[in-house]
Amino acid sequence: MTQSTHDRLLIIDFGSQVTQLIARRLRELSVYCEIHPFNRVDEAFLTAFAPKAVIFSGGPASVFAEGAPMPPKGVFDLGVPILGICYGQQVMMHCLGGKVERGHGTAEFGRAYVTPTPATHPILSGWFDTDDGHGGREQVWMSHGDHVSEIAPGFQVLGTSPNAPFAITANPERHFYAVQFHPEVHHTPKGAKLYENFVRLAGFKGDWTMGAYREEAIRKIREQVGDQKVICGLSGGVDSSVAAVLIHEAIGDQLTCVFVDHGLLRLGEAEQVVTMFRDHYNMPLIHADESDLFLGALDGISDPEVKRKTIGRLFIEVFEKHAKSVGGATFLAQGTLYPDVIESVSFSGGPSVTIKSHHNVGGLPEKMGMKLVEPLRELFKDEVRALGRELGLPDAFIGRHPFPGPGLAIRCPGEITREKLDILRRADAVYIDQIRKHGLYDEIWQAFAAILPMRTVGVMGDGRTYDYALALRAVTSVDGMTADYYPFTHEFLGETATRIINEVQGVNRVFYDCTSKPPGTIELE
Ligand code: XMP
């Protein structure tokens, strides 16, 4: 458990798909919170955590199921406000003497409208305005099979919907609140307001700011590391860069960064990263130019998984080799983010299908017998960007699109050659330049060019060409898990295709990829 000096809110996770969003809404309110699965929270944990308020998440179970997830013993006696959401409401009523029902007419999925009852309570401050054009009802997002059919003693009803007679309920005396819908999702427009009201009623000061986080993180890094040495794999991406700058601020030259150049980087990328960290931040940095090693090993390989595994294996080997030269580093720094570490409760238990073997340095700490320093473990991606700004990293660097560990290898379907990589680098640079010139860079989650394993015939001047075809990709996304292709105008696409073909020798045809994810993935391999 993280030790924090801030007011703390505990989210007890019953396995909802959207529990992370509850944490997100709370962080927007500068409230410090942690998510813990229901079956890992016991009375001792509650005492040690000392929450100022508790939230029960939703979840896929039914209180009628054998072994249904239950709240930890003692939670209702803590004397702190509790908010139950969806399954969290049902389980709260079930435990406190109310009733839950299943069967015809108890389910509700998707958009629903809640109307107020005559009872009022500050938990609904800002809700049910009659002058906002909705006639005093509020849109909410429902996703439930069972529903509460009798509220527990001491509760009153504040809002109802067609299939949830107890859509919003409160026990004002004990400060227990319970709603059947999901206030954390975007489709409940006043959901954020409900969380704001809840934390205000619970007495949170909203003291979890980026400046406070920075100071606390620096103190913790110093405490953890002492006078030992730390190495950090720098990829040039935002996460590892912010982690490196933060750790450097904490322990100075006890940190050495290792930047592995596998020959699969974008145009000018290696120089930019090395200049910024070595010259601007004055950090000890090993620039490991291993392009011959990687490109040699990839020669003749066209299977995407073999490519990924080859790069992953070599990366670990090279990193280990250079880390040894630092001389006795006992800590490895990683830019692991909050969504990577949240343990969500698995009710199905089955492993998910591997779509792609993602490249990371996951196996490194065990293999090298090192301890981990992960100062970004509590942050979401946009919070990492805010911390980067707080640390003075340039905006242009912080706002960079994600770039995958295996680099251009997975944007070059089929065999990888130096010639193809060179064409790809130059074409990608023109494409990104176009996007920046049209002011679209920040609207797009990720954009890149890929070189296709085919040549096509064209005519330029009076001559025949037989050159490579290029695919352009641009997507919008929130987390990379799902994505939509970006709707460029035809003018933009036409102008970009013309520029690429005119400026990059070796390309005579350009396609735009209009596949969303799913069914496609963002990268081509
Ligand atoms: P896909 O292609 O799986 O990509 O839809 C989703 C996001 O992940 C990035 N990506 C990777 N990032 N190592 C990484 O660090 C990888 O092996 C890797 N593969 C894909 C991809 O660029 C996109 O942002």
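1. A salt bridge is taken here as a side-chain nitrogen of Lys or Arg within 4 Å of a carboxyl oxygen of Asp or Glu. By that rule, one salt bridge is counted between domain 2 and domain 3. The model under discussion is predicted, and every remark below should be read with that in mind.

2. Concerning the division of the chain, the domain assignment gives domain 1 as residues 9-202, domain 2 as residues 210-398 and domain 3 as residues 417-512. The centres of domain 2 and domain 3, taken over C-alpha atoms, are separated by 29 Å. Eight residues from domain 2 and five residues from domain 3 take part in the contact.

3. The interface of domain 2 and domain 3 buries an area of about 630 Å². Carbon and sulfur atoms give 58% of that area. On the side of domain 2, Arg266, Leu267 and Leu295 together supply 54% of the area buried against domain 3, more than any other three residues.

4. As to polar interactions across the interface of domain 2 and domain 3, three residue pairs are found in polar contact, both residues of each pair being at pLDDT 80 or more. The residues of domain 2 that touch domain 3 comprise four nonpolar, two polar and two charged residues. Separately, a salt bridge joins the side chains of Asp292 and Arg418, with an N to O distance of 2.9 Å.

5. In the whole structure, the search finds 29 salt bridges. One salt bridge pairs Asp395 with Arg389, whose closest N and O atoms are 3.2 Å apart. Are these two partners exposed or buried? Asp395 has a relative accessibility of 53% and therefore counts as exposed, the cut-off being over 50%. Arg389, at 46%, lies between the limits of 20% and 50% and is therefore partly exposed.

6. A further salt bridge links the side chains of Arg426 and Asp422, at 3.6 Å from N to O. Both residues belong to helix α14, which covers residues 418-437. Because Arg426 and Asp422 are four residues apart in this helix, about one helical turn separates them. Both are partly exposed: the relative accessible area is 29% for Arg426 and 36% for Asp422.

7. Helix α15, residues 490-503, holds another such pair, Glu503 and Arg499. These residues are four positions apart, about one turn of the helix, and they form a salt bridge in which the closest N and O atoms are 2.7 Å apart. Glu503 is partly exposed, with a relative accessible area of 42%. Elsewhere, salt bridges with shared partners join Arg24, Arg27, Asp382 and Glu383 into one network.

8. Asp239 merits a separate comment. This residue is placed in helix α6, residues 238-251. Its relative accessible area is 16%, so Asp239 is classed as buried, the limit being under 20%. Which residues does Asp239 contact, leaving aside its neighbours within four places in sequence? The contacts are with Gly335, Leu337, Leu376, Lys381 and Val384.

9. Two peptide bonds call for inspection. The bond from Lys517 to Pro518 is cis, with omega near -20°, and Pro518 is found in the segment after β20, a strand of residues 507-512. The bond from Pro518 to Pro519 is also cis, with omega near 10°. Pro519, too, lies in the segment after β20.

10. Backbone phi values deserve attention at two residues. Cys86 is not a glycine, yet its phi is positive, about 55°. Cys86 sits in the loop between β4 (82-85) and α3 (87-96). With a relative accessible area of 4%, Cys86 is buried.

11. His175, likewise not a glycine, has a positive phi of about 60°. Where is His175 found? The residue is in the loop between β10 (164-171) and β11 (176-179). His175 has a relative accessibility of 28% and so counts as partly exposed, being neither under 20% nor over 50%.

Notes
Residues are numbered from 1 along each chain as its sequence is written. This is a predicted model: local features need pLDDT of at least 70, side-chain atom pairs count only at pLDDT 80 or more; totals for chains, interfaces and linings use all residues. Side-chain values use heavy atoms; hydrogens and water are left out. Buried means under 20% relative accessible area, exposed over 50%, partly exposed in between (1.4 Å probe, protein chains only). Contact means heavy atoms within 4.5 Å. Domain bounds come from an automatic or database domain assignment. Buried area is the accessible area (1.4 Å probe) that two parts lose on being put together, summed over both. A polar contact is a pair of N or O atoms within 3.5 Å; within protein, one must be able to donate a hydrogen and the other to accept it, and residues adjacent in sequence count only if both atoms are side-chain atoms. Ala, Val, Leu, Ile, Met, Phe, Trp, Tyr, Cys and Pro count as nonpolar, Asp, Glu, Lys and Arg as charged, and the others, Gly among them, as polar.
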